[in-house]
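Ready for a little practice in reading a protein model? Work through the exercises below with the structure open beside you.

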Amino acid sequence: MNPTGWFQLGWSTDFGPEAVKPLHYFGSDLVAYRGKDGAIRVHDGHCQHLGAHLGYGGCVTDDGIQCPFHGWVWGPDGRNASIPYQDRPNKSRRVRPWPVAERNESIYLWHDAEGRDPLWEVPDALVAMSTHVAGRDFYPVQPSHHTGLRVHPQTVAENAVDPHHFRFVHGTPISPVVVDEHVDEVTWQTVVGFGKRWMDHTGPLPDNTLNTIAILFSGLGVSFNAEHTSAGVRMISINVTPVDDENTELFASYWIDHSLDGSDDHYEERLNEAMLALPDDLTIWQHQRYTESPALATSEADGFTRLRRWATGFYPARVE
Ligand code: FES
Ligand SMILES: [Fe+2]
């Protein structure tokens, strides 16, 4: 539960102006707040003075966040900015800041057990999924937060190479085929196609991506998929964030596009349909046991083997 990468902690709408919230991820008590400049910041949660939790009653000031206990103010860099009853701050103390990104109407936290600065950026989903979403206009995100899980982030990433679960978990008549794939150290990107048209597809994706799903993983913590059906395009993000060594939370985001003909009568129906798949996956994931050497069929062995090798790059090196 200690992978390096970006992990979602919520949505932009969770943090109004000057909002302050206690959080707990990666075994750490944290405080998140939206500063007066509009930027989201996350710090270790406990004040360096006498340990009060800044997330419970702390408030935003011009200089950062003020502790509810004795009013010490901590700046965006985590340094002590002022002590109300002393003429100079305590320059040697800071509440550790965590790197944060706000993008895709979502808020992400950078975690690295080795303490490195972010090694990559959170992708802009509309740019990263452009073959599927170009020219589309989406409704605001529909968020869905699931807590108290024991689903490992890698379990979700393995979905990217698992065409055969679609038949059994999601009830598709046949398994999709992989029609495109790009992998680098950080990103796993694939397109799967459903139906005859895609069975023998080779070569570059044509403009018409009908009946395909583009899937993108940016590390193990951030994923998007964009599905193009006859009803339109929908984009879904399924992100698992570790809470501690055993527990996780899942942030699901749903974006439905406006109909091309301007009639938006089917938004609710399409949203509900988009939200149908996750509960089925979750039932499996919640009770699945990670199998170190899985028994794999021929058509899935290459994908799983390569994905698991890719995934090893996100874990801190083991010290023997
Ligand atoms: S504990 Fe934060 S100011 Fe005293
Ligand atoms: Fe699934």
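**Exercise 1. Classify Arg306 by its accessibility, then find its salt-bridge partner.**

Step 1. Arg306 has a relative accessible area of 27%, so it is partly exposed (buried is under 20%, exposed over 50%, partly exposed in between, with a 1.4 Å probe and protein chains only).

Step 2. Its side chain meets that of Glu181 in a salt bridge, 2.8 Å from N to O; the term asks for a side-chain nitrogen of Lys or Arg within 4 Å of a carboxyl oxygen of Asp or Glu.

Step 3. This pair links distant parts of the chain: Glu181 sits in strand E13 (residues 177–183) and Arg306 in helix H8 (residues 298–312), 125 residues apart. Helices (H or I, at least four residues) and strands (E, at least two) are DSSP runs, numbered from the N terminus.

Step 4. Glu181 is partly exposed because its relative accessibility is 28%.

A word on the basis: this is a predicted model, where local features need pLDDT of at least 70 and side-chain atom pairs count only at pLDDT 80 or more, while totals for chains, interfaces and linings use all residues. Residues are numbered from 1 along each chain as its sequence is written, chains are lettered from A and ligands numbered from 1 in the order in which they are written, and side-chain values use heavy atoms, leaving out hydrogens and water.

**Exercise 2. Describe the site of the iron ion (ligand 2).**

Step 1. List the protein donors: His165 (NE2), His170 (NE2) and two OD atoms of Asp281, at 2.1 to 2.5 Å from the ion. Donors are N, O and S atoms within 2.8 Å of the metal (3.2 Å for Na, K and Ca); water is not among the atoms, so sites may look incomplete.

Step 2. Check the geometry: the angles among the four donor atoms run from 55 to 154 degrees, and the site is irregular. Four donors would be tetrahedral if all angles lay between 85 and 135 degrees; four count as square planar and six as octahedral if opposite donors are over 155 degrees apart and all others between 65 and 115; anything else is irregular.

Step 3. Look at burial: His165 is buried at 10% relative accessibility, and Asp281 is buried at 7%.

**Exercise 3. Place Phe217 and name some of its contacts.**

Step 1. Phe217 lies in strand E15 (residues 212–218).

Step 2. With a relative accessible area of 4%, Phe217 is buried.

Step 3. Beyond its neighbours within four places in sequence, its contacts (heavy atoms within 4.5 Å) include Val156, Trp188 and Trp310.
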